Amino acid sequence: MRILLFLILCGATAGLGLATFLALWPTNMWWVRMTDFPRLQYAIAIGVVLLVLALAGRLPDRFRTALAGLLLAALAYNAVKLAPYLPEATGDATACAPEREFSVMVANVKLENYHAAELLEIVRERDPDLLLALETTEWWDRQLAELSDEMPHSVARITGSYFGIHLMSRLPLASTEVVVPVGQNTPAILSTITLPEGDEVRFLGIHPRPPHPGQSSVGRDAVLMWAGFKAASVDRPMVLAGDLNAVPWERTVERMQRIGGLIDPRRVFGFQPTYDAHSWWMAWPLDQVLHTQGVAVTDMEVLPGFGSDHYPVEVTLCHRPAEVPSPEPHPGDLDRARAIIATAMRAVPASD
């Protein structure tokens, strides 16, 4: 029994240590990059192993000390990654004039999900100004058309795959275009929102490909870098929304935020996972709404499920300077971002 416990603790420590630090390896391999997602789960599992180790009094002290040191190092690393996403006592709390306030809802509907009535009920109850729906199809296009009276301004691109995208809005949209960034065949929507008093905010909706078996992270990372450059290039406040298929603490997401001056409201409102709505243990924040200076977030809420594997998320914003400072680029950020985009472009087949 003592030997078995020894082997179990060694295996658990090695596995959790490897999973914790593997994402430091600078590679695009999907399985390495996905080890960055479950930081909270690593921290909980490490806590359990540390508890077992503390109770395992029959094991030699030297062995227990060595394992505890490794586990505490891994726990500290995960804690550093997650610490910015602990909720603060208040958000960007300055009151917002009604004519300067607007809300954005993001809902990845899931391609095979047919629970449209539940989503429409949520949208009507929450009454957002903009709805960004992802993984939409021709069937979902017909269902979302029921919102056209409330949201008369819309644009969509149906792909027949997991990357259909719809933007519906109560507020007027201008200079709207559907683009396919960096040759990835994942449409993005660019538009300008006009608020009641005539103020304008740029909007960018994206849904990059996730890293998964047979598909590296380079395409996703390139779209994120493109989005960062796009946010940096606009001459007015911008809101970036979508299922990023990336968690906020990934190096690529942090680089995108620094390049674009994008502020993450989860650094105020907390972790708030949106995936997986069908799992009790897979919980990480993939659906995000970021913003540049000139826009502040006054509220953020993950909403009830509607049959998709993603929960919808709604963010309320105000057209005024944010109290949270914008991140600044680090040395090498721009060059690294351009290199990621170039790598992705080289991988695009000539026929595309």
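Colleague: Among contacts in the chain between residues at least 6 apart in sequence, what share joins residues at least 24 apart?
Modeller: This is a predicted model, where local features need pLDDT of at least 70, side-chain atom pairs count only at pLDDT 80 or more, and totals for chains, interfaces and linings use all residues. Residues are numbered from 1 along each chain as its sequence is written, and side-chain values use heavy atoms, with hydrogens and water left out. Contact means heavy atoms within 4.5 Å. Of the contacts between residues at least 6 apart, the share joining residues at least 24 apart is 69%.

Colleague: What is the radius of gyration of the chain?
Modeller: The chain has 10 helices and 11 strands (DSSP runs numbered from the N terminus: helices H or I, at least four residues; strands E, at least two). The globule rule, 2.2 Å times the number of residues to the power 0.38, gives 20 Å for 352 residues. The chain comes close to that, so it is as compact as a globular protein of that length. Taken over C-alpha atoms, its radius of gyration is 22 Å.

Colleague: Is Leu71 buried or exposed?
Modeller: Leu71 sits in helix α4, residues 61–82. Buried means under 20% relative accessible area, exposed over 50%, partly exposed in between (1.4 Å probe, protein chains only). Leu71 has 1% relative accessibility, so it counts as buried.

Colleague: Which residues does Leu71 touch, not counting those up to four places away in sequence?
Modeller: Ala14 is 57 residues from Leu71 along the chain, with their C-alpha atoms 8.9 Å apart. The residues that Leu71 touches are Thr13, Ile46, Val49, Leu50 and Leu53.
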